[in-house]
Amino acid sequence: MVRVEIKSKDSLLLRLDTRIGLIYVVLFSIIIAVSDKISVVAFGLLSSFFLFLFSRIRWFSLLHRLVFVNIFIAFLWLILPFSMPGELFFSIWKFNVTKEGFMYSLLITLKCNAIVITSITLLSSQGIFRLVHALSHLKISNKIIYLFFLLYRYVDVVWNEYLSIKRALQIRGFKFSTSLHSYKTYAYVLATLFVRSYNRAENVHKAMLCRGFNGKFWILNHFKLGYKDLIIGSGMFFNILFLTIVQWSKIIF
Amino acid sequence: MHIAEGVLSAPVLISSAAITVSGCIPGLRKLDYNNMPRVAVFSSAFFVASLIHVPLGPTSVHLLLNGLTGVILGWASFPALLVALFLQAVLFQFGGITTLGVNTLNMALPAVIVFYLFSPLLKKKSKVLVFIGGFSAGFVAIFLSSLLVALSLFFTGKVFLNAARFIFLTHIPVMFIEGVITGFIVVFLRKVKPALLEGIVK
């Protein structure tokens, strides 16, 4: 399976109306991404961490995703602190770390983790169907939503096709190496994958047409905005408001 | 080649998101409910290709195949790659919501450019020309993508110059691998399923 599921216990936050979660994630991410104050970003990280605790998602689900995200950040840490001009902070062997460089790298790290923890908690935990449904309420082009839904449907199909072709290769004793033969075989595997998936998509589409598909998505379980959603939503609203005020007013933090 | 959240500056994020939205408009206009399943298959193949690693000496790299997506889908590459990147952001946290615009632009703009440059070559009779067309599409798409990634870092701040340079240089071997693999793929498709190369989105 391509999908990596988020494991969690049942919680109020996971049953939150996905539309509210989606709007919150978008606003929160934008504020944190454009912020240049470390106080705002640190508070953002703190709030996303509380949100995570409140959602009762398993630690493992969070941590192994954070590791992947922070690989890129670690790469920046190898370069940025040394290449930014400014006041000397400390030096490692012959390389000088500037205070500005260090603070800037720290800012980026906090920003990235704050946004990622929030989106894991509120988006990745929701499941694609609810997400697609929420998107369809938010005036996103219907074609984009349909395309996204079909993509999600086909990812598993294409992945399973890939696995079966790969197994066939292994049975025939093929081993990947850095050689033209390998790359050629690999290209043919991918091309076969395309052809098979394409044929399959055609068949599925014809079957859908036979059943009267006309581009409209029917949804079984509709969102109901309950008072619990409104309470959580207003808490989120105040958090956004607070971050915005601290970011764009002259309050010294 | 995804840029993580929180790295780029606001002007870079906003301007590239605006270009991505305007790139999606002609793409969406060409999409209708009849050709959408085919486009979705290419989106998912793009998604799956990024999960498959090919060996390169002691390490391995993963493919992007945006050149192939480009020559087959043309302008529809914008919406096709947008949804694939969104799914990656949701499922694996590769990239993210605020960087969706810039990541899509960095992948899809080169795809559209190679569509105009090389898709005529793929309709030629000669196998060699078809291979050259495919190789160039794969090579140039990665070349432009890594250049765009480097530029988006560079426009955020001069301090990223070294990081940008490093990213570009490490992608040079990827350009050759993508070129070779895309070349063989188009030769194969030409033989087995020429309809795919005629352009499935007209």
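Reader: What makes the pairing of Arg38(B) with Glu202(A) a salt bridge?

Author: In this predicted model, the closest N and O atoms of Arg38(B) and Glu202(A) are 2.8 Å apart. The rule asks for a side-chain nitrogen of Lys or Arg within 4 Å of a carboxyl oxygen of Asp or Glu, and 2.8 Å is within that limit, so the pair counts as a salt bridge. Between chain A and chain B the count is one salt bridge.

Reader: How many residue pairs are in polar contact across the interface of chain A and chain B, and which helices of chain A supply the side that touches chain B?

Author: Eight residue pairs are found in polar contact across this interface, with both residues of each pair at pLDDT 80 or more. On the side of chain A that touches chain B, at least two residues each come from helices H1 (18–34), H3 (59–83), H4 (99–122), H5 (128–137), H6 (142–171) and H7 (180–210) of chain A. H7(A) gives the largest share of that side, 18 residues. Sorted by class, the side of chain A that touches chain B consists of 51 nonpolar, 13 polar and six charged residues.

Reader: How do you know how much area chain A and chain B bury between them?

Author: The size of an interface is often expressed as the accessible area that is lost when the parts come together. For chain A and chain B this comes to about 6,300 Å², with 81% of it on carbon and sulfur atoms. Within chain A, the residues that lose the most area to chain B are Leu147(A), Phe194(A) and Tyr198(A), which together account for 12% of what that side buries. In terms of residues, the contact takes 70 from chain A and 68 from chain B.

Reader: What makes Glu161(A), Arg196(A) and Arg200(A) one network?

Author: Glu161(A) lies in helix H6 of chain A. Apart from neighbours within four places in sequence, Glu161(A) is in contact with Leu193(A), Arg196(A) and Arg200(A). The closest N and O atoms of Arg196(A) and Glu161(A) are 2.9 Å apart, which is within 4 Å, and the pair is therefore a salt bridge. This pair links distant parts of the chain, with Arg196(A) in helix H7 of chain A and Glu161(A) in helix H6 of chain A, 35 residues apart. For Arg200(A) and Glu161(A) the N to O distance is 3.5 Å, also within 4 Å, so this pair is a salt bridge as well. Here too distant parts of the chain are linked, Arg200(A) in helix H7 of chain A and Glu161(A) in helix H6 of chain A being 39 residues apart. Salt bridges that share partners thus join Glu161(A), Arg196(A) and Arg200(A) into one network.

Reader: Why is Glu161(A) called buried, and are Arg196(A) and Arg200(A) buried or exposed?

Author: Glu161(A) has a relative accessible area of 12%, which is under 20%, and is therefore buried. Arg196(A), at 38%, falls in between the limits of 20% and 50%, so Arg196(A) is partly exposed. Arg200(A) has a relative accessible area of 38%, and by this reasoning Arg200(A) is partly exposed.

Reader: Why is the aromatic pair of Trp159(A) and Tyr162(A) called tilted?

Author: A search of the whole structure finds 30 aromatic pairs over all chains. In the pair of Trp159(A) and Tyr162(A), the rings are 5.5 Å apart centre to centre, with 35 degrees between the planes. Stacked planes would be under 30 degrees apart and edge-to-face planes over 60, so 35 degrees makes this pair tilted. Both residues lie in helix H6 of chain A, three residues apart, about one turn of the helix. Trp159(A) is buried because its relative accessible area, 14%, is under 20%. Tyr162(A), with 7%, is buried by the limit of 20% as well.

Reader: What makes the pair of Phe143(B) and Phe168(B) edge-to-face?

Author: The ring centres of Phe143(B) and Phe168(B) are 5.7 Å apart, within the 6.5 Å that a pair requires, and the planes stand at 75 degrees, which is over 60, so the pair is edge-to-face. Phe143(B) in helix H6 (residues 127–156) of chain B and Phe168(B) in helix H7 (residues 161–170) of chain B are 25 residues apart, and the pair links distant parts of the chain. Phe143(B), at 32% relative accessibility, is in between 20% and 50% and therefore counts as partly exposed. Phe168(B) has 18%, which is under 20%, so Phe168(B) is buried.

Methods. Residues are numbered from 1 along each chain as its sequence is written. Chains are lettered from A and ligands numbered from 1 in the order in which they are written. Side-chain values use heavy atoms; hydrogens and water are left out. Contact means heavy atoms within 4.5 Å. Buried area is the accessible area (1.4 Å probe) that two parts lose on being put together, summed over both. A polar contact is a pair of N or O atoms within 3.5 Å; within protein, one must be able to donate a hydrogen and the other to accept it, and residues adjacent in sequence count only if both atoms are side-chain atoms. Helices (H or I, at least four residues) and strands (E, at least two) are DSSP runs, numbered from the N terminus. Ala, Val, Leu, Ile, Met, Phe, Trp, Tyr, Cys and Pro count as nonpolar, Asp, Glu, Lys and Arg as charged, and the others, Gly among them, as polar. Rings of Phe, Tyr and Trp (its six-membered ring) pair if their centres lie within 6.5 Å; planes under 30 degrees apart count as stacked, over 60 as edge-to-face and the rest as tilted. Buried means under 20% relative accessible area, exposed over 50%, partly exposed in between (1.4 Å probe, protein chains only).
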